[in-house]
Amino acid sequence: MKTIIKNKNTISKKDNLIILANKNTKLESYDLNSDEKNYVKSQQKNKQEIIVINQYSRKIIIVNPNKNKVGNLFIEKIRCLANKVFSELKEIGSISFKNLDIDNIDSYAFIEGLSLSNYEFNNHKSKAKKGKILTINIINNNGSVNNSEIEKINESVKLTKDLVNTPFSHLKAADLAKQAKQAGEKSGFKTTIFNKKKIQSLKMGGLLAVNQGSIDEPTFSILEWKPKKAKNKKPIILVGKGIVYDTGGLSLKPTKGMDIMKVDMAGAGTVVGAMHAIASNNIQKYVIGLIPATDNRPSGNAYAPGDVVTMFNKLTVEVLNTDAEGRMILADALSYADKYKPELVIDLATLTGAAARAIGHFGIVSMQKNAEKYHEDLKEIGNMTHERLAEMPFWDDYDNLIKSDVADIKNIGGPIAGAITAGKFLSNFINYPWIHLDIAGPAYVESNYGYRGKGATGMGVRLLYNFIKNF
Ligand code: BES
Ligand code: ZN
Ligand code: ZN
């Protein structure tokens, strides 16, 4: 589970070893006998990308990537190869790593892929296996790998994955807030938690409406990282959807579709992870996280289709489907963000099945308003981290789809363009440069997704961290 990354200058004959190489690399100095050398040569000739030699006291793994991809896609290929190597490690807990093709193969990406692969979620198994501690010793690190940065990003991604994987039975809105606070105590950001009373006094109508059917109180958490020498005066604000469970409410979901709805706080989990990564790496940028949280369920008091809700910013919303609840709580958080006069606001949400259907788990559906330049930058970081954005059109035409007969707007837009009408709904609550990221597709996968694993993927943490670092 934990990955420790160290520097080392010599390799002993007992060290398990990973060598990044190319098809011409001579491996004479690595204590291979002549059979082994011949084996490696023949495998190199066959363009085998991963060559494993099981010696008596150690394993040597030679990674020999085909250069059939370039740029960011080659870097992603390296992360994926690292994931395959990880599956070869099994019970090995310590490995030395040497890059013999240093000009051509990115060590950072390899170490990243290896350490991200080292994740298991078995908090709820009665005979819990202890996850393994993996120590990676980088031989002759020339500075291209910042060990502590990778370790901290890695821990942040795991934090997000743990939060998202934790079932609703163990993570109510108050628990989510508490976990955010704990992450802040560890990494250095400050957390303020509003309880129901405070949320009522602020008249956050959207959050309160969704919470009406719950037996648990809502929370609204403010995560603040304001380093003294921050380069930006106006904060960047990250807003995360914190629906700790989405039954759909009175517009009840069918069992298939409801079963994974513990995932519906992935936006919030990603904000916590990103804030943790930013603070623990002491990034000199002023950043605020906002997390509205509740579950969405039916009950005698639940909000109902047909209701009209007055939101925090006084706009009125006709609720026509209680399953479109994410936008109700996000809207209040987005209007609350106004008071900070933000430079940019990015929200993350498992907002629509439509986004997931449109592009699957391979990327993030994005929209923006007044933030074209920032969105371009984010896209570039997305390609770099392979947490890629697919931008939807955001034409005025879609605004008509959420006009209401009885209130200012309605909370659904009909059968077409569901991801976009959800974004359009949110755009009624912003007065600043804004990017909307719908992560319903990639946040959670039901079968293995390479180094991202199975279940929660943590997608978005590396994207936000790198974006803000370079902001
Ligand atoms: N939480 C869901 C969206 C979702 C779907 C997340 C699949 C993760 C995986 C959201 O609250 C929702 O139910 N959206 C509805 C909106 C509709 C009622 C307009 C949807 O997508 O069907
Ligand atoms: Zn819903
Ligand atoms: Zn939802």
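**Ligand 1 and the zinc site**

In this predicted model, a polar side-chain atom of D323 is placed 2.8 Å from an oxygen atom of ligand 1. The side chain of E325 also approaches the ligand, with an N or O atom 2.9 Å from one of the ligand's oxygen atoms. The backbone contributes as well: a polar backbone atom of G353 lies 2.7 Å from an oxygen atom of ligand 1. The protein buries 79% of the 520 Å² that ligand 1 exposes when taken alone.

The surroundings of ligand 1 comprise 15 residues, and K253, D264, D323, E325 and G353 are the closest of them. Classified by type, this shell contains seven charged, four polar and four nonpolar residues. The space that ligand 1 takes is the largest pocket.

Two of the residues that contact ligand 1 also serve a metal site. D323 and E325 are among the protein donors of the zinc ion (ligand 2). The donor atoms from the protein are D246 (OD), D323 (O), D323 (OD) and E325 (OE), at 2.0 to 2.2 Å from the ion. D323 thus appears in this list with both O and OD. Along the sequence, the donor residues of the zinc ion (ligand 2) follow the spacing D-x76-D-x1-E. The site has six donor atoms, and the angles among them run from 70 to 167°; its geometry is irregular.

A further zinc ion (ligand 3) is located 3.2 Å from the zinc ion (ligand 2). The two ions are linked through D246, which coordinates both.

Conventions. Residues numbered from 1 in each chain as written. Chains lettered and ligands numbered in written order. Predicted model: local features only at pLDDT ≥ 70, side-chain atom pairs only at ≥ 80, totals over all residues. Heavy atoms only, no water. Near = heavy atom within 4 Å. Polar contact = N/O pair within 3.5 Å; in protein donor to acceptor, adjacent residues only side chain to side chain. Areas by Shrake-Rupley, 256 points an atom, 1.4 Å probe, with all protein chains shown as cover. 1 Å grid on protein atoms, 1.4 Å probe; cavity = no way out; pocket = protein on both sides within 12 Å on 5 of 7 lines; lining within 4 Å. Sits in = over half its atoms within 2 Å of the grid points. Nonpolar A, V, L, I, M, F, W, Y, C, P; charged D, E, K, R; others polar. Donors = N, O, S within 2.8 Å, 3.2 Å for Na, K, Ca; no water. Tetrahedral: all angles 85-135°; square planar, octahedral: opposite > 155°, others 65-115°.
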